[in-house]
Every structure is written in structure tokens, then in C-alpha cells.
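User: Please take a close look at one part of this model, the pairing of its strands. Then follow the chain outward from there and describe what surrounds them.

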Amino acid sequence: MKEIYLFDWGDTLMIDFPDVQGKMYTWEKVEAVSGAQETLQHLSKKAKIYIATGAADSMASEIKLAFERVGLSQYITGYFCKANVGASKGEAEFLPAIIDTLKVPVSAISMVGDNFEKDIQPALLVGINPIWFTANPHSIVSDKVRIIKCLTELCN
């Protein structure tokens, strides 16, 4: 069975410019996070990659368009968002709904995200392997949380 990676979208794989409004696929400038291309290319050879985003106003097709603009969509199997999950990221039913859709053991799923409260804590609660992408980890973190400072650390 292939391993599955769920990636957060904003500031994990693509830069979320805080001063820009609207749906990302319509932004004048979009940019991948450093190391995203290399990491997704490497991981996609042995795993399935999905986006699990809290973007409440974008449909999966619109999220895919944003990833196409930075050349990352070719590595992504699917997109989970409020529109197709039926719950928002951070709500108790968001990750369990994704797990049910994927129909794989929870132990085969890893969640990669930059936000401890929205990505890492919910993953821990449902048994998903959490990978925290951060330059400044909290001093007290569960030993079940893998911490990476650069996406390319996932290639090792």
C-alpha cells in the first residue's frame, strides 16, 4: 500500500500573501514555497499526495488551478476543502471525513502543515502522523510530531 501525504496549502506548499484578497488562482502573482517542487516530485514516486486546506471560499477545481500556475498540480492526486469535505479544516469532522474517503489505515497517512493548531493538533487527535513545517517549534511538542524546517527534509 502506498503512503499518503496530506499537505496544507497556504504557507506550506504555496506562499499565502497576506495583503492579497480573493481566490489564489486569480492572484496576479502566485509562488510555490521553497523546496515544494523537489519535495512533491520525490514523494509522488512512492506516495499519493493530497491537499487538505482550510480555504473556505475555493472549490477543489479552483485550488487545482492555483497549483497548475506554479507547476505542482502534476504531483497531486486530489484536493480536500470545505466544499467537498462538508466541514472546515479545524472542525472535528474534517480529518475523519478525509480518512473515510481515502479508505486506508490512519497509520498510512501523514499530515504536513505549518500551523500547529490547525494542522498538527487535529492530526494527533485522529492518529495521523503529524509533520510540522516550522522554523520556530514550540518548546513543548509531543515526541510523536516530526519537525521539519525545510520541505526537502521529507526527501530523506
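Analyst: Two strands pair if DSSP finds at least two bridges between them. Strands (E, at least two residues) and helices (H or I, at least four) are DSSP runs, numbered from the N terminus. The model is predicted, so local features need pLDDT of at least 70 and side-chain atom pairs pLDDT 80 or more, while totals for chains, interfaces and linings use all residues. Residues are numbered from 1 along each chain as its sequence is written, and side-chain values use heavy atoms, without hydrogens or water.

Start with β4, which spans residues 109-113 and has four bridges to β1, the two strands running parallel. Within this pairing, I4 of β1 stands opposite I109 of β4, and L6 stands opposite M111. Strand β4 also has four bridges to β5 (residues 129-133), and this pair is parallel too. Here M111 lies opposite P130 of β5. Between these two strands the chain passes through helix α5 (residues 116-126), a β-α-β crossover that is right-handed (with the strands pointing away from the viewer, the path from the first strand over the helix to the second runs clockwise). M111 therefore appears in both pairings, opposite L6 of β1 and opposite P130 of β5.

Five of the five residues of β4 are buried, so the rest of the structure largely encloses this strand (buried is under 20% relative accessible area, exposed over 50%, partly exposed in between, with a 1.4 Å probe and protein chains only). The cover extends to both faces of β4: I109, M111 and G113 are buried on one side, S110 and V112 on the other.

Strand β1 is similar in outline. Four of its five residues are buried, so β1 is largely enclosed by the rest of the structure. Besides its bridges to β4, β1 is joined to β2 by five bridges, and these two strands run parallel. I4 has K48 as its bridge partner in β2. The path from β1 to β2 goes through α1 and forms a right-handed β-α-β crossover. I4 thus faces two partners, K48 in β2 and I109 in β4.

Next come the loops. Between β1 (3-7) and α1 (36-43) lies the loop that holds T12, and D11 is found in that loop as well. The two neighbours are described by different values: D11 is partly exposed, at 35% relative accessibility, whereas T12 is buried, with a relative accessible area of 0%. D11 also has a positive phi of about 70°, although it is not a glycine. The side chain of T12 makes a polar contact of 3.1 Å with that of D114 (a pair of N or O atoms within 3.5 Å; within protein, one must be able to donate a hydrogen and the other to accept it, and residues adjacent in sequence count only if both atoms are side-chain atoms). Leaving out residues up to four places away in sequence, T12 touches F7, V33, V112, G113, D114, F133 and L151, where contact means heavy atoms within 4.5 Å.

The loop that leads into β4 runs from α4 (94-102) and contains K103. K103 is exposed, with a relative accessible area of 71%, and its phi is positive, about 55°, although the residue is not a glycine.

On the side of β2, T53 sits in the loop between β2 and α2. T53 is buried, at a relative accessible area of 4%, and its side chain reaches the backbone nitrogen of A55 at 3.0 Å. The residues that T53 touches, again without those up to four places away in sequence, are W9, I63, F80, C81, K89 and F94. One of these, C81, is itself buried, with 0% relative accessibility.

I63 belongs to α2 (residues 60-69), where E62, I63, A66 and F67 are buried. Viewed down the axis of α2, the buried residues fall within an arc of 145°, so they line one face of the helix (the arc is that of the directions from the helix axis to the C-beta atoms). An α-helix has 3.6 residues a turn, so residues three or four places apart point the same way. The cover over the buried residues of α2 includes β2 (47-52) and β3 (78-80). After α2 comes G71, whose phi is positive, near 75°.
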